[in-house]
Amino acid sequence: MSALEDLHMQRFIEVETQKQRFQQLVHSLTEECWESCVQGAPGSRLDRRTESCLVNCVERFIDTSNYIVNRLEKEGEQEMAREARQDGAKLPTSTSEEFKWQ
C-alpha cells in the first residue's frame, strides 16, 4: 500500500470513528432529553410543558452537535494538512455534510 493510499485509509477510519461517536452522542442525548422532560409513563399525547421541554432539549442538542461536527471537521482538516505538508502529498478534503442537521 502506498503512502497516499495509507493516508486515505487513515482518513476513512477517522471519518467512520467520528460517525460512531456521533451516533453514541445521539443515543445518550436522546435518553437524556427523555429522562429530563418526560415524567412517568407518557399518555397518548404529550402535555405542553413536556413537549416544550423536549423541543428545547432537541434544539440545544442540534446546536451542540453542529458545533462538535464543525470542530472535528476543522481538526481533521488541520491534521490532514500537516500530514500532507510532511509527506509532500496533497489530499482532497471532504466535507461532513452528512453529519450536519439541517
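A residue is taken as partly exposed when its relative accessible area lies between the limits for buried, under 20%, and exposed, over 50%. By this criterion Lys19, with a relative accessible area of 31%, is partly exposed. The coordinates examined here are those of a predicted model.

The secondary structure of the chain consists of two helices and zero strands. Of its 102 residues, 23% are classed as buried. The accessible surface amounts to about 7800 Å², and carbon and sulfur atoms contribute 52% of this area. Among contacts in the chain with a separation of 6 or more, 64% are between residues 24 or more positions apart.

Helix H1 comprises 35 residues. The distance from its first C-alpha to its last is 50 Å, close to the 51 Å expected at 1.5 Å a residue. Helix H2 comprises 40 residues and reaches 58 Å between its terminal C-alpha atoms, in agreement with an expected span of 58 Å.

The two helices pack against each other through their buried residues. In H1 the buried positions are Leu7, Arg11, Val15, Gln18, Phe22, Val26, Cys33 and Cys37, and the buried residues of this helix pack against H2. In H2 the buried set consists of Thr50, Leu54, Cys57, Phe61, Ser65, Val69, Glu73, Gly76, Met80, Glu83 and Ala84; these buried residues of H2 in turn pack against H1. Arg11 of H1 is thus listed among the buried residues, as are Glu73 and Glu83 of H2.

In soluble globular proteins, nonpolar side chains tend to be buried together. In the present model, the largest nonpolar core has five residues, namely Cys33, Cys37, Val38, Leu54 and Cys57. Helix H1, spanning residues 3-37, and helix H2, spanning residues 48-87, are the elements that give two or more residues to this core. When neighbours within four places in sequence are set aside, Val38 of the core is in contact with Cys33, Thr50 and Leu54. Thr50, which is placed in helix H2, has a relative accessible area of 7% and is therefore buried, the cut-off being under 20%. With the same exclusion of sequence neighbours within four places, Thr50 is in contact with Cys37 and Val38.

At the surface, a nonpolar patch of about 460 Å² is made by Met1, Met9, Phe12 and Ile13. Of these residues, Met1 is found in the segment before H1. Met1 counts as exposed because its relative accessibility is 73%, above the threshold of 50%.

Side chains of opposite charge can pair when their charged atoms come close. A search of the whole structure identifies four salt bridges, including one in H1 that joins Glu16 and Lys19. The closest N and O atoms of Glu16 and Lys19 are 3.2 Å apart. Because Glu16 and Lys19 are three residues apart in helix H1, about one helical turn separates them. An α-helix has 3.6 residues a turn, so residues three or four places apart point the same way. Glu16, with a relative accessibility of 33%, counts as partly exposed, and Lys19 has this status at 31%.

Salt bridges are also found in helix H2, among them the pair formed by Arg71 and Glu75. The closest N and O atoms of Arg71 and Glu75 are 2.9 Å apart. These two residues are four positions apart in H2, so that about one helical turn lies between them. Arg71 is partly exposed, with a relative accessible area of 45%, and Glu75 is likewise partly exposed at 37% relative accessibility.

Arg82 forms a salt bridge with Glu79, with a distance of 2.7 Å between the closest N and O atoms. Arg82 and Glu79 both belong to helix H2, where they are three residues apart, about one turn of the helix. The relative accessibility of Arg82 is 39%, and this residue therefore counts as partly exposed. Glu79 is also partly exposed, with a relative accessible area of 30%.

Terms used. Residues numbered from 1 in each chain as written. Predicted model: local features only at pLDDT ≥ 70, side-chain atom pairs only at ≥ 80, totals over all residues. Heavy atoms only, no water. Core = buried A, V, L, I, M, F, W, Y, C linked by side-chain atoms within 4.5 Å. Buried < 20%, exposed > 50% of the residue type's maximum accessible area, 1.4 Å probe, protein only. Contact = heavy atoms within 4.5 Å. Expected span 1.5 Å × (residues − 1). Patch = residues over 30% accessible without salt bridge, like charges linked within 9 Å, V, L, I, M, F, W, Y side chains within 5 Å. Areas by Shrake-Rupley, 256 points an atom, 1.4 Å probe, with all protein chains shown as cover. Salt bridge = Lys/Arg side-chain N within 4 Å of Asp/Glu carboxyl O.
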